[in-house]
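This report walks through one protein chain, strand by strand and contact by contact. Please keep the sequence and the model in view while reading.

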Amino acid sequence: MRTLTLLLSLCAAMPAADFLPLEPGNSWTYRQAGGNETFTISVGTTPAVIGGEVYYRLTGYVKEPVWARVIDDALYYRDEERERDVLLTLFALVDGAWFEAPLRTCEQEGQPFRNKERYEGPAGHHGSTLVVRYRTFSCADAGVVSEEFLENIGMVRREVTTIAGPRVYELVDARVGGLSLAAKPSTAFRVSLQSIEEKKIAATLKLIVSGAPVTLKFNSSQEFDAVLKDPKGDTIYVWSSDKAFLQALHERTIEGEATWRFEIPLAKALDQPGRYTLEGWITSGQSNRDYSAVTAFEVIQPAAVPASAARISPRPMRGFVR
């Protein structure tokens, strides 16, 4: 047992359909259509571990800041008084089902009900969006009407009702990991830690493509590699060191996203205080490092401290993003 501070460059564990990426430092700014009113949703830079799970400080999405995490296709917040997770927004399509939508202006219910074929707005032109509509039985002139979410990007549009009539807010600026929203195609590459156990580290590499597909060319069956280094900078483990690969050229076209998950076994526990680094990269292109990123975690106090008391402190990613 130990207190860890994880220096995460981008995101922690992300589910298959991530409609609100909770990554340290992420932010989304919206402007009223036909007006100047704006609001911002942001993710804090210091996540926390509560009961062995990682939570992120989410501000601006509902009427008060919450500790939030994504489980499967749903966004939950931590009810600290009752010490349990409560559903905040459901992203899974369930025919005819409504979910309670707490912490809104009024008591509301929500329902993911359809996908729009294509999103077009100030933030650019993108693929299909998931639409969540809301209803209320207690307020006539307040509350959310609908929200549109773009996978791996976040909420791109919100419609609300007011005493002066409906208002629509469009996403005009966003920072999501290494990706800044724009009309032109772009990519982002990230490395993240899912868990750190006594004898094993689980991690993920993810390449996100916004716009035209990206084709990766590999010189062998190997598509990625990773290196773990201790606080002295010495290499503890190279993922490819104990594996064999076919020496055959192949290509892989990425449209949307691609994920590589892997584990690093530990010969001994992380009982040395200091900053450990994990670098991951895609073994494509002439340099075999078309995309590379680094994340880190710091063992602060290698002592018998409950995992629920651990604290996380991220730092920006070093690497290459095209």
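## Strand S14 and its neighbours

Arg133 stands opposite Ser146 in S14. The model is predicted. The strands behind that pairing are S13 and S14, which run antiparallel and are joined by four bridges. On the S15 side, Ser146 stands opposite Glu159. Ser146 thus has a partner in S13 and a partner in S15.

How many bridges pair S14 with strand S15? There are six, and the sense is antiparallel. Strand S15 covers residues 154-162. Another of the facing pairs sets Glu148 opposite Arg157 in S15. S14 and S15 make a hairpin, with three residues between the two strands. In the turn, Asn152 has a positive phi of about 70°. Is S14 mostly covered or mostly open? Mostly covered: six of its seven residues are buried.

## On to S16

S15 also pairs with strand S16, residues 165-176. The sense is again antiparallel, over six bridges. Thr161 has Pro166 in S16 as its bridge partner. These two strands form a hairpin as well, with two residues between them.

## The disulfide

The count of disulfides comes to one. It joins Cys106 to Cys139, with an S to S distance of 1.9 Å. Which hand does it have? The torsion about the S-S bond of Cys106 and Cys139 is about -105°, so the disulfide is left-handed.

Both cysteines lie in loops. Cys106 is in the loop between strand S9 (99-101) and strand S10 (108-116). Cys139 is in the loop between strand S13 (129-136) and strand S14 (144-150). The pair therefore ties together parts that are 33 residues apart in sequence. The two ends differ in cover. Cys106 has a relative accessible area of 7% and is buried, being under the 20% cut-off. Cys139, at 26%, is partly exposed.

## Aromatic pairs and a cluster

The model holds 10 aromatic pairs. One of them is Phe224 with Phe262. Their ring centres are 5.3 Å apart and their planes stand at 35°. That angle lies between the limits of 30 and 60 degrees, so the pair counts as tilted.

Where do the two rings sit? Phe224 belongs to strand S21 (residues 224-229) and Phe262 to strand S24 (residues 257-265). The pair therefore ties together parts that are 38 residues apart in sequence. Both residues are buried: Phe224 at 8% relative accessibility, Phe262 at 5%. The two also belong to one aromatic cluster, which is formed by Phe224, Trp239, Phe245 and Phe262.

## Charges over rings

Arg133 returns here. Its charged end sits over the ring of Phe113, 4.5 Å from the ring centre. A second case involves Arg289 and Trp281. The charged end of Arg289 sits over the Trp281 ring, 3.5 Å from its centre.

## Ser284 in its loop

Ser284 lies in the loop between strand S25 (274-282) and strand S26 (291-301). Is Ser284 buried or exposed? Its relative accessible area is 0%, so Ser284 is buried. Which residues does Ser284 contact, leaving aside neighbours within four places in sequence? They are Leu216, Lys217, Phe218, Arg289 and Asp290. Arg289, the residue over Trp281, is thus also in contact with Ser284.

## Ile236 in S22

Ile236 is found in strand S22, residues 235-238. At 38% relative accessibility, Ile236 counts as partly exposed. Leaving aside neighbours within four places in sequence, its contacts are Leu228, Lys229, Asp230 and Tyr276. Ile236 and Tyr276 are 40 residues apart in sequence. Their C-alpha to C-alpha distance is 9.7 Å.

## The chain as a whole

The protein chain has zero helices and 27 strands. Of its 322 residues, 49% are buried. The exposed area is about 15,200 Å², and carbon and sulfur atoms supply 48% of it.

How many of the contacts between residues at least 6 apart in sequence join residues at least 24 apart? The share is 57%.

Note on methods
Residues numbered from 1 in each chain as written. Predicted model: local features only at pLDDT ≥ 70, side-chain atom pairs only at ≥ 80, totals over all residues. Heavy atoms only, no water. Phe/Tyr/Trp six-rings, centres within 6.5 Å; stacked < 30°, edge-to-face > 60°. Buried < 20%, exposed > 50% of the residue type's maximum accessible area, 1.4 Å probe, protein only. Lys NZ or Arg CZ within 6 Å of the ring centre and 35° of its normal. Contact = heavy atoms within 4.5 Å. Areas by Shrake-Rupley, 256 points an atom, 1.4 Å probe, with all protein chains shown as cover. Disulfide = S-S within 2.5 Å. Pairing = 2+ DSSP bridges.
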